[in-house]
Amino acid sequence: MALLKVRDLRLSFGGLKVLHDISFSVEKGAINSLIGPNGAGKTSLFNCLTGFYKPKGGSISLGGRPITGLPPHRITALGLARTFQNIRLFKEMTVLENAMSGQHCRSRHGIVSAILHLPAQRREEEAIRAAGMRWLDFVGIQQHAHRRAGGLSYGDQRRLELARALASAPELILLDEPAAGLNEREKLDLVHLIRRIRDETGVTVLLIEHDMGLVMQVSEKIVVFDYGQKIADGPPEAVRADPRVIEAYLGTEE
Amino acid sequence: MTDEVRTMPATAQPRLMRWSVVLPGLAALACALVLPQFANAYVTEVATTALLYVVLCLGLNIVVGYAGLLDLGYAAFFAVGAYTSGILTAEFGFNFWLTIPVAMAAACVAGIIIGAPTLRLRSDYLAIVTLGFGEIVRIIARNLDITGGASGLIGIERPEIFGFKLMQVQHFYYAFLVLALLTAFVCLSVERSRMGRAWFYVRYDEDAAAGIGINRVTAKLQAYMMGAVIASVAGCLYAAKMTAISPESFTFNQSLLILLGVVLGGMGRIPGVVLGAVLVALLPEVLRGAGTYRPLVTAVALLAIMLFRPNGLWPDKRV
């Protein structure tokens with residue numbers, strides 16, 4: 001069953017067409033990738049999926065429910081979480097507070113019950129805290145829980161972004177260049193972590209990545225973009241052999 | 001390690017038991033409790049003003065310090081509270097205590113009217129709109145009959161509690177002390193709750209907050225309304241203490257002074273804001289001896305603070 005379905009998605013900024021009639025789908029429980037040269041429109045597509053950009057046409061559905069044009073917070077609440085290409089943590093807050101932020105849309109107590117210190121509100125706070133710690137533990141940075149998020153190493157900041165997104169209990173998680181700036185050893189850990197996300201939590205993964213080695217290693221299906229158009233879609237071996245993909249990445253022989 | 005902010009276990013409530021804050025806090029509270037027994041009427045009066053500013057600054061801190069919204073018209077909500085309570089007691093014979101919920105509701109409505117359309121804007125635009133709102137409320141108060149026009153409203157009833165009428169400076173001093181403590185408790189409770197964290201998320205990175213599932217407009221509106229409600233309650237008690245209020249108590253200058261208290265002490269955290277509020281109230285009195293040089297000395301002092309302590313006198317450790 002397709003968890004995410006994108007049909008004829010179009011996006012333009014003024015006269016500039018960024019995405020031309022993009023269609024693809026992501027199966028439930030899969031690890032898929034979007035690849036393409038710089039400026040191909042990958043991040044723009046992510047921003048459409050997560051509600052940050054409003055597409056000009058086409059439709060997006062998550063688990064059969066249309067999410068086209070909804071605001072970002074509604075889309076997250078419906079089960080689609082994301083990370084950002086340039087890490088966007090709440091740097092001044094603690095690591096744990098960052099991880100707890102994902103739980104906001106899964107909890108409900110507001111100002112009044114906080115002032116009255118209602119038992120149900122205290123229990124909910126404990127549950128939010130416990131969930132934050134659990135996801136920090138999952139990505140392996142629990143020992144840093146009370147440090148300032150901005151003080152973490154680059155690799156750990158990437159992990160924290162993952163923990164924060166996972167804490168929102170998503171069905172599908174979009175990772176925008178999770179390997180950017182990581183060294184070889186950290187990339188290996190990342191591959192392992194991405195597999196664990198799917199295998200241990202059942203969350204479907206869709207990633208944008210430049211690192212071809214990593215993409216080929218981890219994805220079951222790859223969608224290739226160039227100039228805002230989909231040029232290939234299939235398993236890694238087929239995509240690697242596709243002449244149009246080779247052309248997009250390496251150019252043609254004149 | 002330099003960025004080790006807290007070393008509490010995850011289940012403990014961080015910050016609650018930091019002795020460096022709790023001990024001076026208790027000492028200050030003890031001094032505040034016995035002050036009217038030793039001080040003369042003038043000192044008590046100034047201290048009462050300081051407590052009023054503590055309440056107002058704590059309220060504005062929710063908007064500016066927690067949610068990161070620049071509000072230049074905060075005195076408008078203070079006015080809404082003062083006029084609502086004043087009109088209801090003076091013109092319609094309401095019991096003072098009953099006017100508080102009415103004033104809170106009025107502040108909520110005013111907060112929604114001004115906040116709902118404008119909180120979608122980014123911070124700088126919001127500053128302009130709130131500045132305008134502050135002036136609109138003051139000018140309305142100047143021109144309506146029911147608010148007493150430019151000369152203001154007189155004959156506001158003094159509140160009674162269990163048959164005891166609040167009359168003297170000391171009585172109002174204690175009333176404001178209770179209100180300040182209550183406000184601090186409310187702020188502390190909310191700061192450490194789900195909504196409080198949501199405000200910080202929105203303040204530090206609006207897009208990341210939206211991406212993680214926080215409705216930024218609702219979060220900002222709630223902060224704005226909570227700030228409004230606190231100012232309106234302060235306004236009720238202020239009207240009762242003064243028994244007469246005029247539009248000139250709620251000028252742009254008043255909004256600026258409250259904002260100054262928040263920024264001066266160190267916005268975001270309660271101890272800094274309380275310190276800033278007290279300073280704003282005390283500075284004009286302390287500098288009375290400077291005579292006509294007072295504005296100059298004040299300006300130099302403020303510049304020095306901003307130069308040497310840009311995050312405030314008692315800043316939030318995280319920034």
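In this short talk I will go through the interface between chain A and chain B, one pocket, and the salt bridges. Please keep in mind that this is a predicted model, in which local features need pLDDT of at least 70 and side-chain atom pairs count only at pLDDT 80 or more, while totals for chains, interfaces and linings use all residues. Residues are numbered from 1 along each chain as its sequence is written, chains are lettered from A in the order in which they are written, and side-chain values use heavy atoms, with hydrogens and water left out.

Let me begin with the interface, where 39 residues of chain A are in contact with 41 residues of chain B, contact meaning heavy atoms within 4.5 Å. The two chains bury about 3,600 Å² between them, 59% of it on carbon and sulfur atoms; buried area here is the accessible area, for a 1.4 Å probe, that two parts lose on being put together, summed over both. On the side of chain A, the residues that lose the most area to chain B are A:H104, A:I111 and A:H146, together 19% of what that side buries.

How many salt bridges does the rule find across this interface? There are 3, where a salt bridge is a side-chain nitrogen of Lys or Arg within 4 Å of a carboxyl oxygen of Asp or Glu. B:D207 and A:R88 form a salt bridge, with their closest N and O atoms 3.4 Å apart. Several helices of chain A, which are DSSP runs (H or I) of at least four residues, numbered from the N terminus, supply at least two residues each to the side touching chain B, among them α2 (72-77) and α3 (95-101). It is α5(A) that gives the most to that side, with 8 residues.

Turning to the second largest pocket, I should say that a pocket is an open set of points on a 1 Å grid over the protein atoms alone, where a 1.4 Å probe fits, with protein on both sides within 12 Å along at least five of seven lines, and that lining residues have an atom within 4 Å of a point. This pocket is lined by 25 residues, and B:M104, B:L179, B:L182, B:V229 and B:V233 lie nearest its centre.

Finally, over all chains the count comes to 26 salt bridges. One joins B:R138 to B:E135, whose closest N and O atoms are 2.9 Å apart, and these two residues are separated by about one helical turn because they stand 3 residues apart in helix α5 (residues 123-143) of chain B.
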